Structures are given as C-alpha cells and as structure tokens.
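Colleague: I am new to this structure. Please show me how to read it.

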Amino acid sequence: MLIRPSREDLRLIGYNLGRILVVVAVAGLVPLTWALIAGESAPTASFLLMIGIFGAVGYLMMQRRPQASRLEWSHGMVIVSLTWLIVPAIGAIPLELSGHYGSFIDPYFDAMSGLTTTGLALIQDLDHLATSLNFWRHLLHFLGGQGIVIAVLSVFAGGGAMTLYYGEARDEKIFPSVRSTARFIWLVSVVHGAFGIVALGAVGYFVLGFRPFRAIFHGVTVFMAAFDTGGFAPQSSSLGYYHSAAFEAVAAVLMIAGALSFGLHFALWKGGRKVVGNLEVRTILATFLGTLLLTLGGLASAGLYQSLFGLSRQGLFQVLSAHSGTGFATIPSAELATWGGLAFGGMAIAMALGGMASSTAGGVKSLRVGLTIKALSSQVRQVLLPEGAVISTRYWHHGWKQLTSGLIQAVMGVSLLYVALYLLGTGVGLMYHLPLGSALFESVSAGANVGLSVGVTDPSMPLALKLTYMLQMWAGRLEFVAIFSLIGFLFSLVRGK
C-alpha cells in the first residue's frame, strides 16, 4: 500500500528547495553585475526580474519551516529532481526577454541544456547576443557542472544531506563530511578556473589579437563550458571561430580535467599513487583510444581530409569532445553530418560512454563500463573452472573493492536505462522522418549530455522533439534514480492512503 506524503514531508521538501532557489538568486547577481558594468540596460532589467522571482519563491518556501531537519532518501531525490526542472524555467526568463528565441520552450530548452551541461542550443543570432546574457548561459554550465546542490551543501549541509549529494548522480564522498567534500569540489573548480581563464585569455590577447575585455570574456566563458563539459560557446561556430591550435589545446586540457572524477583529482593532488591501476582510468584510456582509432580510420577511408595533420587534428579534437561529453566542435555541424561509417560509429560510441563517474561529464560513465567488463570476465572464468569453484573479483578504484552481485545488477540496470534513453530519442526522431544516423547521433548527444549536433537541433524542429531532448538531458544528467523517486512521490501523493 502506498503511503501518502504528510504535510511535514511537503514542508521539508519545500524548505530545502527554497534554500536552493535563494542560492541561485545570489548566483544571479554575477551576470547582473556584468550587465551593469557593460551598460546593458535591457539584460539588467531581465536579471533583476529573474533574481526577484528566485528570491521571492525561495523565501516563501522557507517560511514554512519543518519540525524535522533530517532529510530522508526520498526527500533528497525529490528535491534534486524538482530543482533541475524549476531552476531552468526561471533561469530562462532573461533569455526569453532577449528577443533571440521563438516560443518560451526554446529558452527553457537552452536553460535546461546549460544546467545539464549538454550544450545543444536553439538560440538565434548568437553572435549578436548581449555579453551578460552570453555569460549567463555559460554560468548555467558552471552551476550545473559543479552541482547547484553542491553549492547549497557548501553552506547549509545538515542532516540527511548525503541524499542530495547522491541525487545529483555523485557517489564519491571524498571526505567524511559532505560539506568538506562539496567545498573540495569547488576548490578544484577555482584552481582550474584560475589556470584556464588566464591561459585562454592569454591566447586570445597575444595570439588572436583580442582586446583585453574581449580576451577575458572568451576566456571565462570557454573555461566554464570546457571544464564543466558543457559545449556552449560565445560564438555560433563554436571553437572553429578561433582557428587556433593553441586555443584548442588549452580547451582540450580543461575538457580532460572536467571529464575526470573529483575523486581522481584528489588522488592526483595527493601524489597520484596507484592512479594508473585505477579501473576507471584504464577503462577510459582504452575506450578513448578505441573510439579514436575507429573515427580516424573512418575519416581516412572516406578521404574527407587531405593532410595527415588536418585528419589528426579534427578527428582527435572531435573524439575528445564527444568522449568527455563537452560538445565543442571545430567544424560546422553540416561537415560533421558527412562523417559516415566508422567515423560515425566512433563518435556515437564515444558520446554514449561518456567520462568518469562523479565528474561533470555525462553518459554511461567509464566506471560502469569497466565493471561490466570485469563482470563478464568473471562469468567466463566461472564457466571454465570446475563446478563449485568460487571466484572472488576485486578491482582498484581509490582502494581495493569487491565486485558483488548487487553492484553488478546496479551497474547493468543504469547502463540499460541509458541505452533505452538513447533509443527513445532515436525513435521520436524517426517518427519525424529523420535519417537513422542523424536521429541516433542527436539522441545520444542529448541523452549523454554532450551537445554535438549534425544539424537536427534547430528552432524549427517539432515541439515533440524539443520536449524529448529536454527529457533526455534531464534524465541523463540525474541518472534516473532521482527522477523515478519524483514519479513515485507524485503517484503516492495522488493515490496514496
């Protein structure tokens, strides 16, 4: 029998959701300040409206303080799911008022894409968007990549906070305290930010000849998209706009850093002992090399690039962008659409697999891939050994761990859900008569939170396809559990006793 949530449950969820909205309101002061400095009056007014709504709604929710302070598992999951629906809806207000979108679903699509660090976009005439609004799009990447809830935990961590941490699809608690773990994640981001912004800005100023403000603007926005594996770019031609190998190289370093788990960042900061033996590290290196060879082989056989340098540069960067879940491109989407055969397969597999667990990347994740291979290997050995033999399988992932049947079931379950998610978007695309390759590529890009496109994602595409990709971005970012919890909670609210 389903138990209907009590008023205390609703107050607990509302109160903590309100705290999150207040934190996002404070974050909105950053693009507001940018707009004021840049003298952009219309965006200034739209940011004030957005901040006011975030603050007012959050404040009202916090007025009904619950008697209990500890969050149960279901509470945390519901809060996270609602956060990733409500924040893009309100955060889309400045984008909607910019005049660069059609119906409201388009800016909501972009805000959802930004927060989930996907990078697919429906914006029109991006090259003439106000700098403060462009900055806000990238700040959504930063908030989503680090985790909005992580920001809240850095300030407000309390009883049951771990459920919020897990709800954002993170499973590595680096320190005993959730608050300490959250603050370490932000510390990593700040350190990489200092390096990334200076390096990108320097390339922009000294190599590309940008003026100081423009160099800083491009450095800040590209850093947030690269490190948070987002894919938004300040120009419509993505990184192809810069025509600079040096700029691409710095972005690539940040993309790799974003695809690494924060647990691995901690291990590297501590000296990197046994990092090479880490199952996830070995898996992501193997899958990256495999998909890179597939892609380069396909491009070479198709003869799309005449020089070895052009073939290697374009193939390497695009595969890295796909596998890290970043979504940057150095070539137009129309050119990417011509990558058929092995090149298409390599790119699609790279996007589907994604980066590391507990990172800013999306996709199935390398740890699950490695554990699946371990489980299959163990099964084969079990068949070959005498009947009754017992196999104990261990793996190194920041310490020796046991591969249990429960862990295998969980890994296989989530992996199959990702496959189903990819097939869902592909099916909807086929309903609208998209070619199979294009429908599959765009669906995997949305579900794995990548952002690369072969031209399907466009303001003119059907509403059902926009909603499908938004669902995929939301579900892929939260890795299903939080969403299933929200569905169960709403069902019990209606049908429970």
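Modeller: We go from the whole chain to its domains, then to charged pairs.

Modeller: This is a predicted model, where local features need pLDDT of at least 70, side-chain atom pairs count only at pLDDT 80 or more, and totals for chains, interfaces and linings use all residues. Residues are numbered from 1 along each chain as its sequence is written, and side-chain values use heavy atoms, with hydrogens and water left out.

Colleague: How many helices and strands does the protein chain have?

Modeller: Helices (H or I, at least four residues) and strands (E, at least two) are DSSP runs, numbered from the N terminus. The protein chain has 22 helices and two strands.

Colleague: What does the radius of gyration say about the protein chain?

Modeller: The radius is taken over C-alpha atoms, and the globule rule is 2.2 Å times the number of residues to the power 0.38. Here the radius of gyration is 22 Å, close to the 23 Å that the rule gives for 497 residues, so the chain is as compact as a globular protein of that length. Its C-alpha atoms fill a box of roughly 65 × 60 × 50 Å along the principal axes.

Colleague: Into which domains is the protein chain divided?

Modeller: Domain bounds come from an automatic or database domain assignment. Domain 1 covers 1-171 and domain 2 covers 403-495. Their contact (heavy atoms within 4.5 Å) takes 34 residues from domain 1 and 32 residues from domain 2.

Colleague: How much area do domain 1 and domain 2 bury between them?

Modeller: Buried area is the accessible area (1.4 Å probe) that two parts lose on being put together, summed over both. Here that is about 2,700 Å², with 74% of it on carbon and sulfur atoms.

Colleague: Which residues form a salt bridge across this interface?

Modeller: Side chains of opposite charge can pair when their charged atoms come close. The rule asks for a side-chain nitrogen of Lys or Arg within 4 Å of a carboxyl oxygen of Asp or Glu. It finds one salt bridge across the interface of domain 1 and domain 2. Lysine 466 pairs with aspartate 106, their closest N and O atoms being 2.8 Å apart. On the side of domain 1 that touches domain 2, α4 gives the largest share, seven residues.

Colleague: Where does the salt bridge of arginine 313 and glutamate 248 sit?

Modeller: Arginine 313 is in helix α15 (residues 308-323) and glutamate 248 in helix α12 (residues 245-259). This salt bridge spans 2.8 Å, N to O, and links distant parts of the chain, 65 residues apart.
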